[in-house]
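Student: Could you walk me through this one? I'd like to start with how the strands are put together.

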Amino acid sequence: MAADALSDKILFEAAQVAVKTLSSLDDRNKLRLYAHYKQAKGGPVKGSRPGVFDQVARAKWDAWSTLQDMSKQDAMREYCKLADEFVPGWRQKVTSKSESTPLAAADASGAAPLSPAQPSSSQAWMTNAFLTMSALPERLQQISSSFFPPSESSSGARLHRGVPRESCDEALDRWGFEDTRFEADLFAGHREVYLTSERYPKAIAAGGMVNGLWSFFGQMHGGLKGHAVSSTVDQVELVEADPDAVALLTRLPNISLDSKERLRSGTGRGLGGLWSLRNGCSFLRMPDLVVKPRHEDDVLTVLQQAAGHFIVIPVGGRTGITSATTCPSISEDPRPVVSLDLRSMDKLLWVREEDRLACVEAGITGSSLKEALKREGYTMGMEPESMEFSTLGGWIATKTKNMKHSRYGNIDEMLVEVRVATSSGLVWQRGMKDRHASSTGRRSTGLELPGLLLGSEGCLGVITAAVVRIHPLPEVLEYESLEFTSWDLGVSFMRQVSQLPRALKPACFRLLDNGEFKLAEALREDLHRSRWRMPRSGQESVALLLFEGSGDEVDPWMSQIASSCSGTWTGPAIGEALYQMYFVIPYVRDFGMDYSILCESFELLLPWSRISGLEWPSVVEATAAKHQALQLPGVAKLWKGLLPSTEGGLLRLSIATSVEGFEWAAALEAFQGLQDAARRVLEQQADPGWKQDTGVALTSLKAALDPHHVLG
């Protein structure tokens with residue numbers, strides 16, 4: 001059976017090449033080929049049927065759905081039969097190739113290969129091939145190199161055909177899961193872009209096809225390159241640590257010297273870290289060793305042994321946008337570097353239902369915490385865009401914002417108590433000995449330990465556990481969306497909603513400009529606004545709304561907001577797609593990097609008075625001028641979004657540009673220059689009073705908690 005499956009795959013790959021030689025084919029037969037190709041690659045059709053306004057996607061979906069539960073192997077065989085119909089004689093070419101490259105004379109059982117005098121049918125060729133299983137890897141490579149065009153099979157191409165589709169492993173040189181990425185295949189002369197997993201069904205078009213992504217990026221540089229740029233992360237050579245340092249460090253508990261572990265711990269998932277990894281950043285300093293503590297006693301052991309000997313850098317999900325996990329250069333600090341990977345400390349320790357509190361170890365990821373509390377009938381309500389990978393300790397250390405902040409607050413409002421390991425010992429407050437808080441609530445005197453740790457970036461101590469507020473699971477979740485004819489009208493609506501009493505606000509509401517919504521349309525082509533009756537000006541904005549709570553709460557909220565709305569309601573499907581899109585955007589950035597396009601966002605907190613008067617054209621002009629001065633190819637693409645609060649909003653500006661032809665370090669430097677140009681213009685429009693300098697206070701506090709400067 002295994003041999004049959006492999007032989008079918010070889011013929012299936014060769015049949016695709018034969019089909020690509022066709023100069024023309026009617027639509028009916030194109031759909032027949034398409035359906036069997038998709039069934040062979042991904043199994044039965046997925047997702048809901050596209051809408052009537054997207055007839056092309058609807059026809060593809062209908063053709064694919066007719067195959068129902070046909071197996072992948074049967075679909076490959078049927079595809080080959082269609083190739084027989086459209087390209088007669090292609091199998092003979094495959095057979096000819098097999099005869100010109102003879103395999104071993106016999107297999108382990110002594111069976112002789114078929115002689116040239118025997119019939120050269122595809123069955124004979126397959127039998128011959130699989131009598132010599134030991135030669136298959138080389139054979140497959142020969143077939144591939146013979147039948148695929150250079151642009152698709154050259155060493156520079158990224159053909160991810162071997163990626164496991166059910167893996168929960170995290171990628172090293174990409175944002176998220178190893179099994180999830182956008183890929184582009186050439187089918188019948190056209191590029192098809194698809195997501196390789198089913199993790200985000202609401203944000204991605206039915207069947208996982210996102211062909212609009214190719215044109216979304218291609219607009220920047222007159223079309224993307226023919227094939228993806230390969231990553232060189234596997235070629236990175238780490239500098240070996242000093243033997244004396246290794247001898248000292250190997251006495252630590254639960255250690256790893258694995259190169260990938262060191263690379264993971266020494267880089268983040270931000271654009272700079274991933275771009276450096278993908279381009280073989282051998283010159284960057286990485287941790288000498290990774291420790292994976294299972295209990296806070298392990299953390300204490302590391303910190304106490306570190307005093308005067310080595311640096312400790314706590315690491316969680318690597319999702320932060322700062323350089324907190326970056327190792328100092330040798331010239332800055334020659335001491336060995338130990339990375340403290342806290343993800344094994346991931347237990348929900350207790351839930352106190354009467355007090356609506358839970359105690360959780362700091363290494364737990366957002367997704368795991370959500371599931372653990374859900375089993376208890378509760379939620380923390382904390383859903384940052386990075387929640388699949390970021391950790392509770394990371395949220396506290398970076399003061400992470402929450403997409404559902406208007407109902408549940410941000411992490412600083414959820415946090416009740418923390419336990420912190422320092423080089424001087426454990427620190428806690430409110431009787432939290434042995435991780436059981438005996439008292440909670442606000443005190444009128446004294447410093448609050450949680451407030452000191454929020455936003456500390458791990459430089460004061462290592463958070464090992466925290467007590468957080470929890471809430472009963474909501475009975476109802478309702479998504480909605482609104483379109484406004486301009487950005488300013490959308491901002492006005494956001495301001496009105498943000499200043500409602502908390503009991504009347506949606507759990508999540510945010511604004512997208514026309515550019516950001518075009519990205520959503522690229523991911524979900526069935527949401528294309530060509531079906532909307534309002535004429536398009538290109539200046540529109542779209543609001544995402546999420547209501548959650550009891551049924552008695554949600555209906556009045558929606559009625560209250562609808563009564564004062566100046567926009568056009570565009571439905572819950574768009575609202576849900578937009579919410580899930582924020583979990584997908586980092587994968588979009590990775591796809592851009594595959595084709596030498598850098599894309600990243602930065603955020604700026606602004607009061608409403610500044611947001612309303614924002615001079616967006618000046619930002620665009622400054623960025624375009626810098627783009628030209630840097631001699632970057634094509635044009636830069638900019639889009640913006642807004643996450644409101646009562647006093648103002650967090651403005652997020654995204655920039656994307658091609659860096660094709662630039663050396664990798666120069667490309668990153670040029671992109672950062674582009675970001676700086678846009679940021680300067682925005683900051684000039686911001687209120688200087690919002691900026692605060694707490695450097696002196698933090699330096700004094702760090703000297704008390706970390707006298708040996710163990711935590712960098």
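Tutor: Two strands pair if DSSP finds at least two bridges between them, and strands (E, at least two residues) and helices (H or I, at least four) are DSSP runs numbered from the N terminus. This is a predicted model, in which local features need pLDDT of at least 70 and side-chain atom pairs count only at pLDDT 80 or more, while totals for chains, interfaces and linings use all residues. Residues are numbered from 1 along each chain as its sequence is written, and side-chain values use heavy atoms, with hydrogens and water left out.

Student: OK, so which residue is the bridge partner of V315 in β6?

Tutor: That partner is D341. Strands β5 and β6 (residues 337–341) pair in the parallel sense over 5 bridges.

Student: And in what order do the 4 strands of that open sheet come?

Tutor: The order is β3-β4-β6-β5, with mixed pairing. Because β3 (255–256) and β5 (311–315) stand at the edges with a single partner strand each, one side of each is left without a neighbour in the sheet.

Student: What about the open sheet with 7 strands, how is that one ordered?

Tutor: Its order is β17-β14-β16-β15-β19-β20-β18, and the pairing is antiparallel. The edges are held by β17 (568–569) and β18 (597–607), each with a single partner strand, so one side of each has no neighbour in the sheet. Strand β14 (residues 476–484) is joined to β17 by 2 bridges, and E483 stands opposite T568 in β17.

Student: Switching to helices: at what angle do α12 and α25 pack?

Tutor: Helix α12 (residues 271–278) and helix α25 (residues 664–685) pack at about 165 degrees, with their axes 10 Å apart; axes are lines fitted to C-alpha atoms, for helices over the stretch in contact, and angles run from 0 to 180 degrees between N-to-C directions. That makes α12 roughly antiparallel to α25, since angles under 35 degrees count as roughly parallel, over 145 as roughly antiparallel, 65 to 115 as roughly perpendicular and the rest as oblique.

Student: Which residues make the contact?

Tutor: On α12 they are L271, G272, W275 and S276, and on α25 they are W664, A667, L668 and F671, where contact means heavy atoms within 4.5 Å.

Student: Last topic, how many aromatic pairs are there?

Tutor: The structure holds 15 aromatic pairs, counted when the ring centres of Phe, Tyr and Trp (its six-membered ring) lie within 6.5 Å, with planes under 30 degrees apart taken as stacked, over 60 as edge-to-face and the rest as tilted. One of them is the tilted pair of F177 and F389, at 4.8 Å centre to centre and 50 degrees between the planes. These two residues are 212 residues apart, with F177 in the loop between α8 (150–153) and β1 (182–187) and F389 in the loop between β9 (378–379) and α15 (392–398).
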